[in-house]
Amino acid sequence: MHRTNIINSIYNLYRNIDFKRKLQLVFLIIFNLLNGILEFITLSSASLFLESLINPDSVIKKLKWTNLFYEYTTANIVLNATLIFILFITLSTILRISNLWISMKFRVSLLVYLEEKIFKNIIYQELDYHINTSSTKIINDLTKNIDKANFFIENLLSLITCIILSISLVIGLINLSFSITVFTITVLSILYIIIGIITSKKVKIYGKYELKSNQQFLQIIQESLGAIKEIILRRKHNFFLKKYNEASYISRKYQGLSGFVTTFPRYLFEGIGLIVIGIAGYIVFSKMGTDIIPLIGTFALGAQKLLPSMQTVYRSWQLLYFYDEGLKRILKLIKLNYREPNINKNKKIKFRKEIYIKNLFFKYNNSNSYSLENINLLIKKGENIGIMGITGSGKTTFINILMGLLKPSEGSVYVDGKNIFEPHNIEYLFSWRKNINHVPQKIYLTNSTLVNNIALGISKSQLDFKKINFSIRKSCLEELVKQRNNDIFLLVGEDGVKLSGGQKQRIGIARAIYNDLDILILDESTNALDHDTEKEIMQNIYNLPNKKTTITISHSKSALLACDKIIEFRKGRIYKITSKKI
Ligand SMILES: Nc1ncnc2c1ncn2[C@@H]1O[C@H](COP(=O)(O)OP(=O)(O)OP(=O)(O)O)[C@@H](O)[C@H]1O
Ligand SMILES: [Mg+2]
């Protein structure tokens, strides 16, 4: 049963690559066949060479058919046989090296294609995918597992190469001596197949364990670096070290085991192979006498090529089991679907009138109670809405739905009369999202300059410095710039480690001001600021030149002071709406 799995994986891999790579693969296999044929000819030329040394007359007789072009004599036959032998050895060596080169090129092109496709599939997924998939798993897939897919392909190619090579060598040897070849090959193949069947189950399990421990490995690294302050304070180094060592040991152990299991038959068979050839040689020798010398010589040469080639067939075949699990994960990611906005249709729509939320319910996938229940609300363009409520009451979930990032379990969100979650309104949804600026609870900063963090994702040539300076002023970041030699290109460090919490938050707000979109959503984006700064920034936002519709979540009265309407959430429901201007 498990053996068909490998064939399935290979078939799935083939199905999921593009036409260009499929064509390259076919070319590669043809090249391998050529390689095999040449290997066969080389072997025959070796036999010719050895025979010409011992029995030139019989070689001349064999080559009679060439008399039309060239006449062989006892004087020139050895030289010619040597030259032919050298010619084919050279050719086959060149072809083998070229084969290696072409395989490598193919693998590079295939992997770049797979990597690009997977990464694209992942970052195009909607928010619910990312809520339900740990980043460690994604990182593991994009780094370690893609490497496993790489090794799977590498082994598959070397399996194909060596099967073709082995078959042509076997044909070459059968040509020389049917009985020795059949005897030797049958004994060796049966032994390899028996060992292979026994070990493949083990190797598959090793592969699974190794993959699992790799993910734990990454998780421990991420967690320990994330909790480094806690670790230093509480001296929890050993706790993480122990976990790290365990994962590292398991991962390396299974790598080692699979290496051993796939390599040990080599030493076994090098010995057995020579013994079998010896026995077969003895039997034939007793019939043929000294004529056997060139035969045995050629045979030794053939065996010297055939044995490693058979070993590689075995090893690659087994390693496919080891890397199969990783490849499967990659193939699963390749099949992920997503909707890409239609560029032609996806013109930015203008928000004209109102957002109407009707009978909205929301439950997270892994939860059995509703995080939002029966929400009904009307938000008019230009209004400044405040949202408050105790922690866990559903505020963040609510705005995630409003932004079209999470889909309601029941109910609808109408923007200017259009339900953004209707499947046929998907282009409208993409376009709606483009109107929204969101400053989250925890803003993310890239390890770059202040400017690049304010104008996130905007290329250098398109930076508008007037707007950048305006944003810095309006988000009260001037003090930070002054502190760092008036340099707006100051470095913020990884996720803003070189800044204070409040400075990070203000960069988030500056980013929103720079983007200058119709709707601005602030999710506790000023909670690290003192009341005066908070008030000042909120006033700046309300007085921006392009009047915005704002939704501000906050626990602080000073942030919500100037709101037109304050909505209070309790346990996923709207508890109270207070309107200021009536
Ligand atoms: N991914 C998730 N899976 C399951 N439940 C979740 C998930 N995210 C949030 N919740 C639950 O949904 C409820 C609402 O969470 P939400 O983040 O919207 O609260 P909040 O009002 O923003 O709280 P806070 O003021 O602490 O930010 C909470 O009970 C929370 O535990
Ligand atoms: Mg929240």
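Which residue of β5 is the bridge partner of tyrosine 414? Keep that question in mind while you move through this predicted model, because the tour comes back to it at the sheet.

**The two domains**

Begin by colouring residues 2-334 as domain 1, and then give another colour to domain 2, which is made up of 383-405 together with 423-579. If you place a marker at the C-alpha centre of each domain, the two markers lie 56 Å apart.

**A pair of helices**

Next, select helix α6, residues 135-176, and helix α7, residues 178-226, whose axes come within 12 Å and cross at roughly 175°. Angles over 145 degrees count as roughly antiparallel, and α6 and α7 are therefore roughly antiparallel to each other. To see where they touch, show the side chains of α6 that make the contact, among them Thr136, Ile139, Val170 and Leu173, and then those of α7, including Phe178, Ile185, Leu218 and Gln222. Sorted by class, the residues of this contact are seven nonpolar, seven polar and two charged.

**The sheet**

Now turn to the open sheet of four strands, in which the order is β2-β1-β4-β5 and the pairing is antiparallel. At the edges you will find β2 (372-380) and β5 (418-419), and each has a single partner strand, so one side of each is left without a neighbour in the sheet.

Walk across the sheet from β2, which is joined to β1 by six bridges, with the two strands running antiparallel; here phenylalanine 362 has leucine 372 of β2 as its bridge partner. Continue from β1 to β4, where five bridges join the two antiparallel strands, and pick out tyrosine 356, whose bridge partner in β4 is tyrosine 414. The last step goes from β4, residues 410-415, to β5, and this antiparallel pair is held over two bridges. Here the opening question finds its reply, since the partner of tyrosine 414 in β5 is asparagine 419.

**The helix across the sheet and the ligand**

Finally, add helix α11 to the view and look at how it lies across β1 (354-362), β2 and β4, running at about 125° to β1. This helix, residues 395-402, also leads to the ligand, for α11 gives the most to the shell around ligand 1, with three residues. When you select the whole shell, you should have 14 residues surrounding ligand 1, and the closest of them are Tyr364, Thr391, Lys395, Thr396 and Thr397. Colouring the shell by class shows two nonpolar, eleven polar and one charged residues.

Notes:
Residues are numbered from 1 along each chain as its sequence is written. Chains are lettered from A and ligands numbered from 1 in the order in which they are written. This is a predicted model: local features need pLDDT of at least 70, side-chain atom pairs count only at pLDDT 80 or more; totals for chains, interfaces and linings use all residues. A residue is near a molecule or strand if its C-beta atom, placed from the backbone, lies within 6 Å of it. Ala, Val, Leu, Ile, Met, Phe, Trp, Tyr, Cys and Pro count as nonpolar, Asp, Glu, Lys and Arg as charged, and the others, Gly among them, as polar. Two strands pair if DSSP finds at least two bridges between them. Two residues are in contact if their C-beta atoms, placed from the backbone, lie within 7 Å. Axes are lines fitted to C-alpha atoms, for helices over the stretch in contact, and angles run from 0 to 180 degrees between N-to-C directions. Domain bounds come from an automatic or database domain assignment. Angles under 35 degrees count as roughly parallel, over 145 as roughly antiparallel, 65 to 115 as roughly perpendicular and the rest as oblique.
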